[in-house]
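User: Could you take a close look at one strand of this model for me? I would like to know how it sits among its neighbours.

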Amino acid sequence: MTTLELTITALGAGGDGLAVTPDGTRLFVPGALPGERVRVAPGARRGDGMAAVLEAVLDPVPARAEPPCPHFPRCGGCTLQHMALAPYAGWKRDRLAEALRRAGFPDAPVAETFVTPPQTRRRADLAVRRQADGSILLGFHARGAATVENLSTCLVLDPALVALFDPLRAMLRGLQSLRREGSAVLNLLDTGPDLLLRLDGEPNAVDRAAIAAFASAQRLPRIAGAPLKGSGTENLAQIGPVSIAFAGVPVAPPPGAFLQATPQGEAAIVAAVLEGLPGKLTGKARIAELHAGLGTLSFPLAQRGRVAAFEGSAEAVAALDAAARRAGARISATRRDLVRQPLSAKELEGFAALVLDPPFAGAADQMPALARSSLSRIVYVSCNPVALSRDGKLLQQAGWRVAQATPIDQFLWSSQLEAVVAFERPR
Ligand SMILES: C[S@@+](CC[C@H](N)C(=O)[O-])C[C@H]1O[C@@H](n2cnc3c(N)ncnc32)[C@H](O)[C@@H]1O
């Protein structure tokens, strides 16, 4: 194969080094950093250029760091362990500034990136695969390959979850209902790890007994099961209550529920959301909250005003509503599919502020009503800079401006970027 020597000019959105060949082809080079002179072997075509394999870094830059994890770079969980933290955080900040520039806000004030520490991630969706000899692979999907990286350790996950890898593999090996593929969704709650097993077979009585014994031995309050493809969960073992507190209010989450990825990231998001609210809110102020989930933001918001929370998942709304009622929190929780039935500008009248935290696809269907509403503050929590650009553009065209933008790195050493952006409409 022909090799090329090139200089990397930038980092792409996925964290690959970018270079341009003499004939103008864009090359994506995993493991290479901007400014580095590298030798690469061009590989397969991809949509907007060509993938390349890094053969040698001829001239490394000071931003290069020694990757700390033995599973790097095979494991698909991390893509940027070869980059020192300061330039890595700067790159994420630049990406948020660029997303806002594309939305029409070239001068948006963008704060420094909040980077979560290692060993703090409390949520993982691990792939499970049975091999021909019956043994089990458990880990994240390997990068750019159809295999599973069998993890012995993980430097991003909380050690309480890592400690379950070996016993979980041993238990899964004995399950007849794990034929070839499955997944293990782990949520570290205040009450301990909560496990949702997705299996490609139906658990029989022997499997159920083994799962219950595992819950007791590992002190997991609950293990739920679900089909690998399809919906519907059932409790396979429950030996104690499950709960996680938001602003001090305990909520009982359904199996596999969405949680912010790290407690530190959650605290940074909550702080930025509260800072994004109007300064002078009376206790009677009404705050609309879209995509409320279990109430991660609802409970802190309820300390600033009366919250009307909307969420699409029936299980999440039920958990939020029950917790709010028990605690006497000022939250009304309503199930609503905000894609099929966005809130109208009329329904938004009378709210002092609106907070939205949409899924990866963003909030395209909701934005037109927000842009033309009588609201003067919108705080947008984003996990996708592309969707944020698109959605923010509508606000820009309707005369809104960015009051504050905070990049938050909850997925350490990955290319994912979260952000809290406070928009205001000048009066
Ligand atoms: C990024 S999570 C945020 C949850 C919550 N704000 C938190 O911080 O934990 C996005 C939420 O949007 C909800 N969601 C997804 N699609 C939806 C839709 N079409 N209508 C309403 N909610 C939706 C999900 O169920 C999930 O709870």
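Analyst: Happy to! Two strands count as paired if DSSP finds at least two bridges between them. With that in hand, let's turn to strand 20 of this predicted model.

Strand 20 pairs with strand 22 (residues 418–424) through 6 bridges, and the two run antiparallel. Arginine 377 of strand 20 stands opposite glutamate 424 in strand 22. Strand 20 is also joined to strand 19 (residues 353–356), here by 3 bridges and in a parallel sense. In that pairing, leucine 356 has tyrosine 380 of strand 20 as its bridge partner. Between these parallel strands the chain passes through helix 8 (residues 367–372), and the resulting β-α-β crossover from strand 19 to strand 20 is right-handed.

Is strand 20 enclosed or exposed? A residue is called buried if 20 or more other C-beta atoms lie within 10 Å of its own. Strand 20 covers residues 377–382, and 6 of its 6 residues are buried, so the strand is largely enclosed by the rest of the structure. The side chains split between two directions: Arg377, Val379 and Val381 point one way, while Ile378, Tyr380 and Ser382 point the other way, and all are buried. Tyr380, the bridge partner of leucine 356, and Arg377, which stands opposite glutamate 424, therefore belong to an enclosed strand.

For a sense of the setting, the chain has 9 helices and 22 strands. Its radius of gyration is 23 Å, close to the 22 Å that the globule rule gives for 427 residues, so the chain is as compact as a globular protein of that length. Along the principal axes, the C-alpha atoms fill a box of roughly 65 × 60 × 35 Å. Buried residues account for 47% of the 427 residues. Of the contacts in the chain with a separation of 6 or more, 62% are between residues 24 or more positions apart.

Elsewhere in the chain, strand 8 (residues 123–130) has 6 of its 8 residues buried, so it too is largely enclosed by the rest of the structure. Strand 8 pairs with strand 10 (residues 181–189) in the antiparallel sense over 7 bridges, with aspartate 125 opposite valine 185. Another 4 bridges join strand 8 to strand 9 (residues 136–139), again antiparallel.

Note on methods. Residues numbered from 1 in each chain as written. Predicted model: local features only at pLDDT ≥ 70, side-chain atom pairs only at ≥ 80, totals over all residues. Buried ≥ 20, exposed ≤ 12 C-beta atoms within 10 Å, placed from the backbone. Right-handed = clockwise from strand over helix to strand, strands pointing away. Rg over C-alpha atoms; globule rule 2.2 N^0.38 Å. Contact = placed C-beta atoms within 7 Å.
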